[in-house]
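Hi,

Here is the structure I promised to pass on to you. My notes on what turned up in it follow below.

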Amino acid sequence: MARNKEALILLIDVGPSMHKLLPEVEKICSMLVQKKACLFIYPQFLIFGKYDEVGVVLFATDDTDNELTTEVGGYEHVVVLRNCKVVDGDIIEALQSLPRGAAPVLDAIVVGMDMMIKKFGQTSKGKKRLCLITDAKSPIKDPYEGTKEDQVDTIAAQMNAHGMKLESIIVRGRSSGDAAKGFMEENDSLLVHFSKKASAKTVYVESPTSLLGAIRTRNISAVTTFRGDLELSPKMKVKVWVYKKTAEEKFPTLKKYSDKAPPTDKFATHEIKVDYEYKGVEDPTKVIPPEQRIKGYRYGPQVVPISSDEWDAVKFKPEKSVKLLGFTDASNIMRHYYMKDVSIFIAEPGNAKATVAVSALVRAMAEMNKVAILRCVWRQGQASVVVGALTPNPSNVENIPDSFYFNVLPFAEDVREFQFPSFSNLPLSMQPNEKQQEAADNLVMMLDLAPPGKEEILRPEFTPNPVLERFYRVLEIKSKKPDAEVPPLDTTLKRITEPDPELLSQNMQVIDVFSKQFELKENPKIKKSARRLLNEKPSGSHKDELDGVVDAVGHQAVLSLKNKSSQMVDKVGSETPIEDFEAMMTRKGRADWVDKAIKDMKNLIFDLVENSYEGNTYQKAVDCLVALRKGCILEQEPKQFNDFLRHLCKFCSEKYLSSFCNFLASKQMRLISDTESSDSDVTDEEAGSFLVKTEPGV
C-alpha cells in the first residue's frame with residue numbers, strides 16, 4: 001500500500017445498549033465515508049477517491065459472518081459488512097441501515113486486524129487504522145488461555161508488527177446504570193492498558209455532535225515546522241522541535257472537468273490545462289519565448305521592469321533561527337492578539353538534557369506567570385520573520401513531557417483599533433442600574449457552553465466544520481440525482497449552527513427578566529443617518545427633522561442620492577464629490593466603504609487646497625469638509641475628522657496657505673466635540689477655539 005493511502009476499518013457496536021445511538025452512528029459514518037470518497041460531480045458522472053480504502057465490521061450481532069470463524073472458530077456474532085476496498089456508493093448505502101444485535105462481544109478488533117493483514121500482507125507501509133465505535137458497557141468474554149490483559153498484549157503486539165493504529169470512540173450518555181458500571185470500569189482499564197502497549201487512543205463523547213467531530217476522516221501525521229536551537233542567549237541554546245498544534249480545515253479544491261474526451265477512452269483524465277502565450281505590441285503575431293520576458297511592476301502610470309536577479313538581490317533573506325527577545329507578564333498578551341495557527345514546542349526527542357532544560361523553563365515561567373517573546377525564522381531563506389508569544393504548558397501526565405504553546409503576535413500595522421464608547425462616559429441617567437446589570441450578568445452566564453458537572457458543548461476538538469459536512473452530504477445526493485433539491489439541514493448540524501433549544505427552554509425565565517429590564521424606544525437625541533433619511537419621505541414635520549440633521553450642503557447631497565441610488569459609486573470624484581461621498585457612506589456592506597469614502601474625501605480636500613489659484617477652490621473644499629464632518633459624526637468617527645483637520649491646518653502653515661485657514665475661520669469650521677459625538681475627546685471649548693489658536697501661528 002502506498003504511503004499516501006489510508007486503510008480504515010470501522011468497528012461498529014450494534015449491541016442492545018447502542019440501539020438508541022445507532023441512527024446517529026449511521027448518519028455520522030455515512031458522512032465520514034462521503035468525505036473520504038473525494039466525490040467529484042459532473043452531469044452523469046461520479047468519480048470516487050483513488051487513495052483511501054474503507055471496510056466495515058459489525059459486532060454484537062445476532063449473525064456471524066467472518067473468515068476467522070470459518071478458519072479457527074470462536075469469533076461469533078461478528079459480521080464483516082464490507083471488506084476493505086476503495087470507497088464506493090455501496091458502502092455509503094450499507095452504512096445507512098445497520099442491523100441491530102443482541103449478543104455483545106469485542107472480538108471485532110481481531111477480525112479487523114485479520115482483514116488488514118490479508119488485504120495488505122506483511123508490509124508496514126501506508127496508514128492502517130481501526131476505528132472502534134462503542135459504548136463499552138458490555139462484558140468482554142474470558143479468553144481460552146491467560147487473562148484479558150494477556151489477550152490485549154497479544155493483540156497490541158500484532159498491531160505494532162503490522163503498523164496499525166487503534167482509535168476507540170466511547171459514546172456514553174450523562175448517566176449509566178449500576179449494572180453496567182462494573183463492565184465500564186473494566187473496559188476502561190483495558191483500553192488504558194491498550195494505549196500503553198500499542199499506538200492506541202481513546203476518546204469519550206456524550207453527544208452526537210461530539211461523535212461527529214471525534215470520527216476523523218484522516219489522521220494526518222505531524223510534520224515538524226522547525227528543528228534546531230531555541231537561542232536563549234548567545235551561549236545558551238536548547239534543542240527543540242516545533243509542530244503545528246492546530247490547522248485550519250479548508251474547503252476541498254474543486255478542479256475543472258472536461259467532457260470533450262471520447263466516451264470510449266478509458267484512460268482519459270478529463271483534466272483541463274491552461275497555457276498562456278505572450279506576444280509583443282509591435283508584432284502581435286510573434287510569441288515571445290520565456291528567456292526574453294521580464295516582470296514589470298506598475299509605479300504610477302509607468303511600468304518598471306525588474307529582472308529575477310535584481311529581485312533576488314533586494315530580497316530580505318534572514319537566517320534560520322528561533323531567538324528569545326525577552327520575557328513579559330502573561331497579562332500583557334491578550335487573547336485577541338493571537339494570529340494564525342498554534343504551534344507546540346517540545347524538546348528534541350531522545351535528548352535528555354534538552355528535555356530537562358525545557359521542563360525547567362516551563363515550570364519556572366508557569367510559576368512566575370511569564371511568557372516569552374520569540375523571533376522565529378522557520379526555514380532558511382524564508383521571506384518573512386515571525387514574532388510570537390511562547391506560553392508554558394506543564395504536563396500532568398507521567399509519560400508526556402512539558403512543552404510550550406506558540407502564538408504569532410501582530411506587528412503594529414496588523415493591529416486594528418476598534419474604538420467603542422464606554423458606558424462610563426455616558427450620563428448617569430443612561431447607565432444601567434443594579435437590576436439591569438444583574439439581569440445582563442445572568443444572561444451572559446446562561447450562555448456558558450461549559451456548565452458545571454456537564455460536558456462542554458461544542459468542544460473545539462470535537463466540533464466539525466458544518467459547512468464542509470453539509471457540502472459532502474449534498475454532493476453525495478447530487479451524484480445520484482443531479483436535479484435533486486438541497487435537503488433540509490441535518491439535526492446533528494443544527495446543534496452546531498442554531499441555538500440549543502434545550503438551553504433556551506431551561507433559561508426562559510432569565511431571558512424574560514432581561515427583556516423586562518430593558519425597554520427599547522427611539523432616542524430623539526440621536527440623529528438619523530442618511531440611509532434612514534433616504535427611505536423616508538421628508539414631508540410635513542418630518543421635513544423639519546430632515547432640515548435639522550443636514551444643512552444646505554448635506555440636504556442637497558441626500559436628495560441627489562435618490563437619483564443615483566441605482567448607480568454603484570466606488571470613488572469620490574471631483575465633479576460631484578459630496579454626492580459620491582454620501583452614496584459610498586450609505587452603500588450596502590458599508591463597513592469597508594465608509595473607510596474608503598473618508599479616505600477619498602480627505603485626499604480630494606488636500607488636492608483642492610494645494611492646487612488652488614487665489615482661493616478659487618476654497619469654497620468647494622469647505623463644502624467637502626462640511627460633508628466629511630457630518631459623515632464622521634453619523635458614523636461615530638470623530639477622531640478621523642479631528643486628526644485630519646489638525647493635519648490640514650498644519651499643512652497649510654508649512655505651505656504658506658494661511659488664507660485657507662482664515663477662510664475656515666470665517667466659515668466657523670470647528671472640531672467635533674464630545675457633545676456632538678460621545679467618542680470625541682475634544683471639549684466644546686477646545687473645538688470652538690481651535691482655529692482661533694492656530695490662526696496666529698499660520
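**Three loop residues, two cores and a helix pair**

Leu458 counts as partly exposed, because its relative accessibility is 28%. Please keep in mind that this is a predicted model, so everything here is computed from it. Leu458 sits in the loop between helix H10 (434-446) and helix H11 (466-480). Its backbone caught my eye too: phi of Leu458 is near 60°, a positive value in a residue that is not a glycine.

Asn369 has a positive phi as well, about 55°, and is likewise not a glycine. You will find Asn369 in the loop between helix H9 (352-368) and strand S15 (370-377). With a relative accessibility of 48%, Asn369 counts as partly exposed.

A third loop residue to look at is Asn507, placed between helix H13 (501-506) and helix H14 (508-517). Is Asn507 buried or exposed? At 17% relative accessibility it counts as buried, because the cut-off for that class is under 20%. Asn507 and Met446 lie 61 residues apart in sequence, yet their C-alpha atoms are 6.9 Å apart in space.

**The overall picture**

Stepping back, the protein has 24 helices and 17 strands. Of its 698 residues, 38% count as buried. Taking the contacts with a separation of 6 or more, 69% are between residues 24 or more positions apart.

**The cores**

In soluble globular proteins, nonpolar side chains tend to be buried together. Here the largest nonpolar core has 43 residues. Which residues have the most contacts inside it? They are Phe581, Ile605, Leu625, Leu628 and Phe660. At least two residues of this core come from each of helix H18 (577-585), helix H19 (590-610), helix H20 (618-634), helix H21 (638-654) and H22. H20 gives the most, with 10 residues.

Phe581 is a good place to start if you want to look around. Setting aside its neighbours within four places in sequence, Phe581 is in contact with Val572, Ala597, Ile598, Met601, Ala627, Leu628 and Gly631. There is also a second, separate core of 29 residues, and among its members are Leu32, Ile133, Ile169 and Phe462.

Helix H22 (residues 658-666) is also where Leu664 is found. Leu664 has 0% relative accessibility and therefore counts as buried. Between the C-alpha atoms of Leu664 and Tyr618 the separation is 8.8 Å, with their positions 46 residues apart along the chain.

**A helix pair**

Finally, have a look at helix H4 (residues 108-120) and helix H5 (residues 148-161). Their axes come within 11 Å and cross at roughly 25°. That angle makes H4 roughly parallel to H5, because angles under 35 degrees fall in that class. The crossing in which H4 passes H5 is left-handed. Which residues make the contact? On the H4 side they are Ile109, Val110 and Met113, and on the H5 side Ile155, Gln158 and Met159. Sorted by class, the contact of H4 with H5 has five nonpolar residues, one polar residue and no charged ones.

Happy browsing, and do write back with any questions.

Best wishes

Methods: Residues are numbered from 1 along each chain as its sequence is written. This is a predicted model: local features need pLDDT of at least 70, side-chain atom pairs count only at pLDDT 80 or more; totals for chains, interfaces and linings use all residues. Side-chain values use heavy atoms; hydrogens and water are left out. Axes are lines fitted to C-alpha atoms, for helices over the stretch in contact, and angles run from 0 to 180 degrees between N-to-C directions. Helices (H or I, at least four residues) and strands (E, at least two) are DSSP runs, numbered from the N terminus. Angles under 35 degrees count as roughly parallel, over 145 as roughly antiparallel, 65 to 115 as roughly perpendicular and the rest as oblique. A crossing is left-handed if the near helix is turned anticlockwise from the far one by less than a right angle, and right-handed if clockwise. Contact means heavy atoms within 4.5 Å. Ala, Val, Leu, Ile, Met, Phe, Trp, Tyr, Cys and Pro count as nonpolar, Asp, Glu, Lys and Arg as charged, and the others, Gly among them, as polar. Buried means under 20% relative accessible area, exposed over 50%, partly exposed in between (1.4 Å probe, protein chains only). A nonpolar core is a set of buried Ala, Val, Leu, Ile, Met, Phe, Trp, Tyr and Cys residues joined through side-chain atoms within 4.5 Å.
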